[in-house]
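Here is a short, friendly tour of the structure below. Take a look at it first, and then read on.

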Amino acid sequence: MKRFIKRLILFFAFPLVILLLGYVIALKKVNSYQPQKNIIICYIGDSHIQKAIDDKLIPNSKNFGKSAEQYLHSYYKIKLLLKDNPQIKKIYLGFSYHNLSAYSDEFTDGEKTAFVGTKYFFLLPAEEQFKMLKSAKENRNILLKNLVKELVNSNIKKTKDLEFIGFYQNKFNNSKADVKSINKRVRQHFYKDNKIIPFSQKNIYYLKKIIDLCKEKNVELTIINSPLHPIYKSKIPAKYTNFYMDFCKKNQLNVLDLSEMKLAEDCYIFDGDHVSAKGSEIVTKHFQKLISSQN
Amino acid sequence: MLFNSLGFAIFLPIVFFLYWFVVSKNLKAQNTLLLLSSYYFYSCWDWRFLFLLIFSTLLDYYTGLKMSNSNSQKSRRFWFWTSICINLGFLGVFKYYNFFASSFAEALSGLGFNVHPSLINVILPVGISFYTFHGLSYVVDIYKNRIEPEKNYITYAVFVSYFPLLVAGPIERATHLLPQIKRKRSFDYYQATDGLRQILWGLFKKIVIADNCAQYANMMFENPDHFSGSGLLLGAIFFAFQIYGDFSGYSDIALGTSKLFGIELLQNFSFPYFSRDIAEFWRRWHISLSSWFKDYLYIPLGGSKGNTWMKVRNTFIIFIVSGFWHGANWTFIIWGLLNAIYFLPLLFSNKNRHHIEIVAKGHFFPSTKETFSILITFGLTVFAWIFFRAESVSDALNYISKIFSSSLFEIPRFPKMGRAKTTILLTVFMLIIEWLGRENNYALEKIVPKWKAPIRYAFYYAIIFCIFWYGQKEQQFIYFQF
C-alpha cells in the first residue's frame, strides 16, 4: 500500500509542481503589465466601448475594452493600470443598461465564467480566484481547461499581449440592426420567465468601487453610454433607466450619453446594442469633437 | 454522481482511504462501508429512489431465504413468482407502463375507438433495469438450486448495490460476485494499479471519444434535413463510436474502480467493433447482458436445440426482448429485430459460433477476408444503431432515406469541421490502441506495463492531457437511462 500511495503522489506531484510554477510566473507577469507611458486616457469596459471608440483616431489614448467584461474585472484592471502610472488622467468607463442586470452575474459567478472570467483569473485576488473555481458547475471542465490555456498563454505570451488587456476591435463591416435580434437581445438582457431580471448587486458594488478608486487616485472618471438602436432603447425597463439616473446623480458622476445619437441602420450590428465598424467611425469622430470642446 | 464528475473524483479517494486505512481489518466493516457508500452514491441522483432500491433488495433477500426454507415445491414456487412479479412489476410500471398504455390506445384508435389512458408522470429510477436483473438472476438461481441463499443482509445488499456497477452494470451473477464479497480482501498493488489504468482508459473513451462524437451525432440526428447523405452517414458512424466509447468507457471505469477495492467484476466489452460477424459482435458487446439473456431466457426457451422454427423463434425473442430492455420505444424493438435478422443466416448455416477467438490472434494485421468481414459487420451494426439513436421509427426511416440520396457521394460539410477532424484522429488513435491490446481484457492491460517507465508515464500524461483538453461539458452516460 505504501508503494502505491507513494507512486500515486509522485505521479500527480509532477504536473502539480509545473502548474504551481506556471501560476507564480503568470501572476508576476500580469502584475508587471505597464501601458505605454504616453497613454493618458483609457477606455475601459465591455464590448460596447470596445467596438465604439477607435483609439487610433484619438492620440494618447488606449481602448482596453474587452467583450463581456464585468465591473469586477474592470475594477482590477483599472487598479493595475493606475498602480504605477500617474500619467493616466482620464478614464472613460463604458456603460450599458444591461450592466446593471443580474444577467451579467453569469459572467462572474455562473456558467459563462468558464468562457469569459478565466481571461481575468491572474488579475484577480486569491479570494476571487477561489470563487471562480467554484463557479460554472456544469462547465467545470471547460473552466479548468480555459484556466490552463490562460496559464500557458500567460507564460508564453509577451506581457503586452496578455488576454485580459483588451483592445479596439470591430469586424462588423456590413451589418445592420435587425428587429428580431434586437427583441431577442432585450429579452436576454432584462427578462427571465417574463419577469424583469433583478439588479446585479455585484456589478453595482464594483461600479462603486471603481468610482472610489478613481477618486482616491485623483483620476477623472466619465461614464460613457455607447449608442443604442431606438427600438432597443425604448424597450429597456424603466426600472433600469430610473436606477441609472439616480445612481449617477447620487454619485455625482460625469456622464457622456451617446445612447441617443442618431445613426443609420447600418451603423449598428444586428442586435442594435453595439455599433458596427461604420458606426464606430462616426461615434469616435463625434466623441473626439466632444472631448476637444471640453478641453 | 457521474463517474466523469468532480464529485466522483472526491468520493472515490475518500471511500478508498476509509476502506483500506480505517476498516481494512474487519470484513464486516468493509462491506458495511461499501454498502453505505453505494447508498450515498445512488442517493446523489434522487434519494427518494433509494427506498425502491432497498425495497427491491429486501424483497429478493427475503424471498431467497423463504424459498430455501420452504419444505414444499408449492411454497417455493409461490415465493419465486412473488419476487418475479414484484420485480418485473416495478420495471413495468416505471419503464413500460406509458409505452403500453399509449400503444394500446393508438391501436384502439386505429379500430375507431378513442381511448385516453392516464399516463404516469414519473422519471425512470437510475439503474432500475440493472439492479432488477441482479435480483432476478439471484432468485432464479436459488429456485433452480444453483446457489444457496445469502444469509447476511449486508453481504447480499452489497451484491445488488455495489456502487461501481449499480447504475449501468455489468450485470453480475451471485456465483461470481458473492464469494468475493464474503472473502477477506487484502490490498494488491498490481490489481490497484491495473484498476487505475483501466479507469484512465475508460475516462479517455468516455470524455474524449464519446462526448466529442456525441456533438456531431446529435447535430446530424437532430437536423438531418440540413446535411448531405455523406454527412448523415458520418453522423451514424459518430454515433457508433459515441455509444461504444460511452458504454465501454463506463464499464472500464466500473471494473477499474472495483479493482481498487479488491473485487473483480465481469468483463462487459471485448473489442466488439473488431467482430467478423454479428454473432461474434454479440459475444463481445455488453457481454453481461447477452449472457444474462442467454442463461435466463434463451436456454430456458430451448436455445439452439429443437427444429429450425424453434431456433428462429428463440432468436427473435431474445433479440426483441433485449431491444425492449433498452427502452420502451418501437425504435429499440426494431433495433433488436434487425439484429435478429442479421443473425439468421449464421443460424441457418450453423456458423453462429464460428469466431470464438479474437480476430488475427497472434498476428499484427488481419487477413483481407477478415478485414472485409469486420467492415461488413461494422456497417450492419451502424445501420441498426440508426434505429437505436433515432427518436422514432419515422425519424430513423427519414434519416436512412436521406443517407441513400444522391448527396451520399458529396464531401460531408458541417459546422466545426476542424474539431470533427481532431475527433476522427482521436478515434483512430483509440482504435489503434484497442487493436494492439485486443487479446487482453481491456486495451491497456498488458501492452502499456511492458513499456519502459519514461514512455509509460509520458503515455499516461498524454492520455490525461487529452481527457482534460478535449473534455466537454459533463455528460450523462447513455446507458444510465436504461
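## Chain A overall

What radius of gyration does chain A have, and what would a compact globule with 295 residues have? Chain A has 21 Å, which agrees with the value near 19 Å for such a globule; the radius is taken over C-alpha atoms, and the globule rule is 2.2 Å times the number of residues to the power 0.38. The C-alpha trace of chain A spans about 75 × 50 × 40 Å along its principal axes.

Chain A holds 10 helices and seven strands, where helices (H or I, at least four residues) and strands (E, at least two) are DSSP runs numbered from the N terminus. Of the 295 residues in chain A, 39% are buried (20 or more other C-beta atoms within 10 Å of a residue's own, with C-beta atoms placed from the backbone).

## About the model

This is a predicted model, in which local features need pLDDT of at least 70, side-chain atom pairs count only at pLDDT 80 or more, and totals for chains, interfaces and linings use all residues. Residues are numbered from 1 along each chain as its sequence is written, while chains are lettered from A and ligands numbered from 1 in the order in which they are written.

## A helix pair in chain B

In chain B, helix H6 (residues 153–161) packs against helix H8 (residues 174–182) at an angle of about 130 degrees, and their axes are 10 Å apart. Axes are lines fitted to C-alpha atoms, for helices over the stretch in contact, and angles run from 0 to 180 degrees between N-to-C directions. That makes H6(B) oblique to H8(B) (not under 35, over 145 or 65 to 115 degrees).

Note on methods: Buried ≥ 20, exposed ≤ 12 C-beta atoms within 10 Å, placed from the backbone.
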